[in-house]
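Biologist: Hello! I would like to take a close look at one part of this protein with you, and then see what else the model shows.

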Amino acid sequence: MREMISDYPAIYAPPALEEEDHAVIALIEEQRGRLRSYAQHAPRRWLGSLRRSTFARAIQGSNSIEGYNVTIDDAIAAVENEPPFDERTESWLAVKGYRDALTCILQASQDPWFEFSKQFLKSLHFMMVGYDLSKHPGHWRPGAIFIVAAQSGETVYEGPAAEHVNPLVEQLVGYLRSTGTEPNMVKAAMAHLNLTMIHPFKDGNGRMARALQTLVLARDGVLHPTFASIEEWLGRNTEEYYAVLAQTGEGRWNPGRSAQAWVRFNLKAHFQQAATLLRRTEEYAKLYEGIEELVAQRGLPDRALLPVFDAALGLRLTNARYRTDAEVTEFVASRDLKRLTEAGLLEPTGEKRGRTYSAAKPLADLRMASRIRRPLEDPFALIRRGAQPALPAAADPRLPGL
């Protein structure tokens, strides 16, 4: 059993990084540098649309891990504080609460006077689960907690005793306030791991841990906070996520265990999420260019570009969403949507105020033609065989920013 950092003997300590860990971190920093460069030197009008959809995917991904599943349309509706396309279910309330918490995090990440505290964590928890007072929002759990596998009924994790929660969270807050030597990605991973394993709340611990990780990542200011998150990736890799947590904890509060596998899992997540964002910048640049040509050929107004772009990505349009994105009145939005339908770019569904619009064949074809098939690689496997990841050319001026 390895020694733990003496300042924080009761929580999981960051592992000593090896040469290949540093090499993977260097690859991730290169990716982040490209993303930052694109944002600074080649901004495009659809930047806000990409941020919104990425934010929505993070909310959707993190909640799906806990079984709260909503469509990307409803996740975006939550981001925009709009009513859901479908009914107001518990999943919708969970997503809306998570939206509130992540919005708070995005603001906190830019506050030069922000300080981590126990009360901040409790307030964040209240935002997430305050729609259900039986979940004790904003309070530490009152007793023992056991995680039970739904299929087998077997207890897969037992958290530390309730009386240990407050002092353990105090030590976690102390760690978050400290200025250690580990990279910020490692510190964020350890914040996530410790909050998950302490399991300080009756419900919502996983979402809280992922949100805390996003905050720690966003605080370094390297990328826009929306693009620093790995929550979308975690939502797509839930089984692997649970497996590495189980491997690290071995079923109970076990801070003497090495966190190396957990940290490497997170580095892989950062690498593949950044690769996904880089791929999207290429795809979206090509798609937007095609939409510009289509809209111009049909004599349609430029204000339709962003709403049509969203429709091409598979999102549903409403009159209200069109008004927001095109910055027009309800009358102008209705007229534009009618013209876009007559031009064969949109297909309407429903009647009157319940009507929505989706991409017609020309937009669907453009989206299909813009797709890039690039497998997501394991960065540690790349390093071990001395290969380089497939990345877009940094000098290509057509590539848009995030």
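Is helix H3 (residues 72-79) largely enclosed by the rest of the structure or exposed, and why?

Modeller: Happy to walk you through it, and please keep in mind that this is a predicted model. Helix H3 covers residues 72-79, and eight of its eight residues are buried, so the helix is largely enclosed by the rest of the structure. To find them in the viewer, look for Ile72, Asp73, Asp74, Ala75, Ile76, Ala77, Ala78 and Val79. Here, a residue is called buried when its relative accessible area is under 20%. Just after H3 you will meet Asn81, which takes a positive phi of about 60 degrees.

Now let us turn to the empty spaces. Rolling a probe the size of a water molecule over the atoms shows where empty space is left. The largest pocket holds about 800 Å³ of space. Its lining is made of 28 residues, and those nearest the centre are Glu66, Ile147, Val156, His199 and Tyr242. Two or more lining residues come from each of strand S1 (146-148), strand S2 (155-158), helix H7 (184-198), helix H8 (205-218) and helix H11 (238-249). H11 gives the largest share, with six residues. Sorted by class, the lining of this pocket has 15 nonpolar, seven polar and six charged residues.

The second largest pocket has a volume of about 460 Å³. It is lined by 17 residues, with Thr318, Asn319, Ala320, Arg353 and Arg355 closest to its centre. Helix H14 (319-326), helix H15 (330-342) and strand S4 (356-359) are the elements that each give two or more residues to this lining. By class, there are six nonpolar, five polar and six charged residues around the second largest pocket.

Strand S4 also has a partner. Strand S3 (residues 346-349) pairs with S4 in the antiparallel sense, over four bridges. Within this pairing, Glu347 stands opposite Ser358 in S4. The two strands form a hairpin with six residues between them, and in the turn Gly350 has a positive phi of about 90 degrees.

Next, follow the aromatic rings, starting from Tyr242, which we met close to the centre of the largest pocket. The model has eleven aromatic pairs. In one of them, the ring centres of Tyr241 and Tyr242 are 5.8 Å apart and the planes are at 25 degrees, so this pair is stacked. These neighbours differ in how much of them is accessible: Tyr241 counts as buried at 1% relative accessibility, whereas Tyr242 counts as partly exposed at 41%. Tyr241 also stacks with Phe265, because their centres are 6.3 Å apart and their planes are at 20 degrees. That second pair links distant parts of the chain, with Tyr241 in helix H11 and Phe265 in helix H12 (residues 260-297), 24 residues apart. Phe265 is buried too, with a relative accessible area of 5%. Ring pairs join Trp233, Tyr241, Tyr242, Trp262 and Phe265 into a cluster.

Finally, look for lysines placed over rings. Lys122 lies over the face of Trp140, at 4.6 Å from the ring centre. Lys187 lies over the face of Tyr175, at 5.4 Å from the ring centre.

Key:
Residues numbered from 1 in each chain as written. Predicted model: local features only at pLDDT ≥ 70, side-chain atom pairs only at ≥ 80, totals over all residues. Heavy atoms only, no water. 1 Å grid on protein atoms, 1.4 Å probe; cavity = no way out; pocket = protein on both sides within 12 Å on 5 of 7 lines; lining within 4 Å. Points joined across faces, edges and corners; volume = space filled by probe spheres on them. Nonpolar A, V, L, I, M, F, W, Y, C, P; charged D, E, K, R; others polar. Buried < 20%, exposed > 50% of the residue type's maximum accessible area, 1.4 Å probe, protein only. Phe/Tyr/Trp six-rings, centres within 6.5 Å; stacked < 30°, edge-to-face > 60°. Lys NZ or Arg CZ within 6 Å of the ring centre and 35° of its normal. Pairing = 2+ DSSP bridges.
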